[in-house]
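Reader: I've got this one open on my screen and would like a close look at a single part, the protein chain. Could you walk me through it?

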Amino acid sequence: MSTRATYQFIGKVTGKQTMYIHHDGYPEYAFHYFQGGHNIDSFAEHNDGRAEVTDSHEIHGDTEYRYTVQGSSILCQKRVFTESGDTWEIEFLGTVYEFINKYQKKYDKMVADYEKKHGAR
C-alpha cells in the first residue's frame, strides 16, 4: 500500500513550489527525502525519478501526509479521515535537522526490531 505525500517549499523569492511522491510518505521514511537538502532544488535532485512537480498540497486528494518547508523549518501534517470531512493534524513542527534526527532514530529502531525478529536482510 502506498503512502502518498506532498512536499511544499516556501521561498522569499520563489514563492510556493510543491512536489509529490506517491510512496513512503510517512515520516519514518520520508526523512530520507530531505537528506539531500531542504530547498526545492536539492529536494528534486536528491529524489530524481521519485518526486514530480505538482501545483499544491490541495491538488492531491489521496495524500496521507503533507510537508511544508520554509527556511530551516518543517511542518509535517497527517490527514485524518472523518465522516464530516478530512482534517490535518500536526505530526511534527521543528527544524528539518530535528525532523531527520527524530525519524532516523525511529527508522533505525524499526529496522533493528525487524531484523531481531526475522533475521538480518
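Reader: For a start, how many helices and how many strands are there in the protein chain?

Author: Keep in mind that this is a predicted model. The protein chain has 3 helices and 6 strands. Start at the N terminus and you'll meet them in the order β-β-α-α-β-β-β-β-α. With 121 residues, the globule rule gives a radius of gyration of 14 Å, and the chain comes in close to that at 15 Å, so it is as compact as a globular protein of that length. Lay the C-alpha trace along its principal axes and it spans about 50 × 40 × 25 Å.

Now for the inside and the outside. Of the 121 residues, 37% are buried. As for how the chain meets itself, take the contacts between residues at least 6 apart in sequence: 47% of them join residues at least 24 apart. On the outside, the protein chain exposes about 7,500 Å², with carbon and sulfur atoms supplying 49% of that area. Charges come next: there are 14 positive and 18 negative ones, and the mean positions of the two sets sit 6 Å apart.

And how far does the predictor back all this? The mean pLDDT of the chain is 93, and 98% of the residues reach 70 or more. Going element by element, confidence is highest in strand β4, residues 65–70, at a mean of 98. It is lowest in helix α3, which covers residues 96–118, where the mean is 92.

Note on methods
Residues numbered from 1 in each chain as written. Predicted model: local features only at pLDDT ≥ 70, side-chain atom pairs only at ≥ 80, totals over all residues. Heavy atoms only, no water. Helix = DSSP H or I, 4+ residues; strand = E, 2+ residues; numbered from the N terminus. Rg over C-alpha atoms; globule rule 2.2 N^0.38 Å. Buried < 20%, exposed > 50% of the residue type's maximum accessible area, 1.4 Å probe, protein only. Contact = heavy atoms within 4.5 Å. Areas by Shrake-Rupley, 256 points an atom, 1.4 Å probe, with all protein chains shown as cover. Lys, Arg positive; Asp, Glu negative; His and termini not counted. Charge placed at Lys NZ, Arg CZ, Asp CG, Glu CD. pLDDT = per-residue confidence, 0-100.
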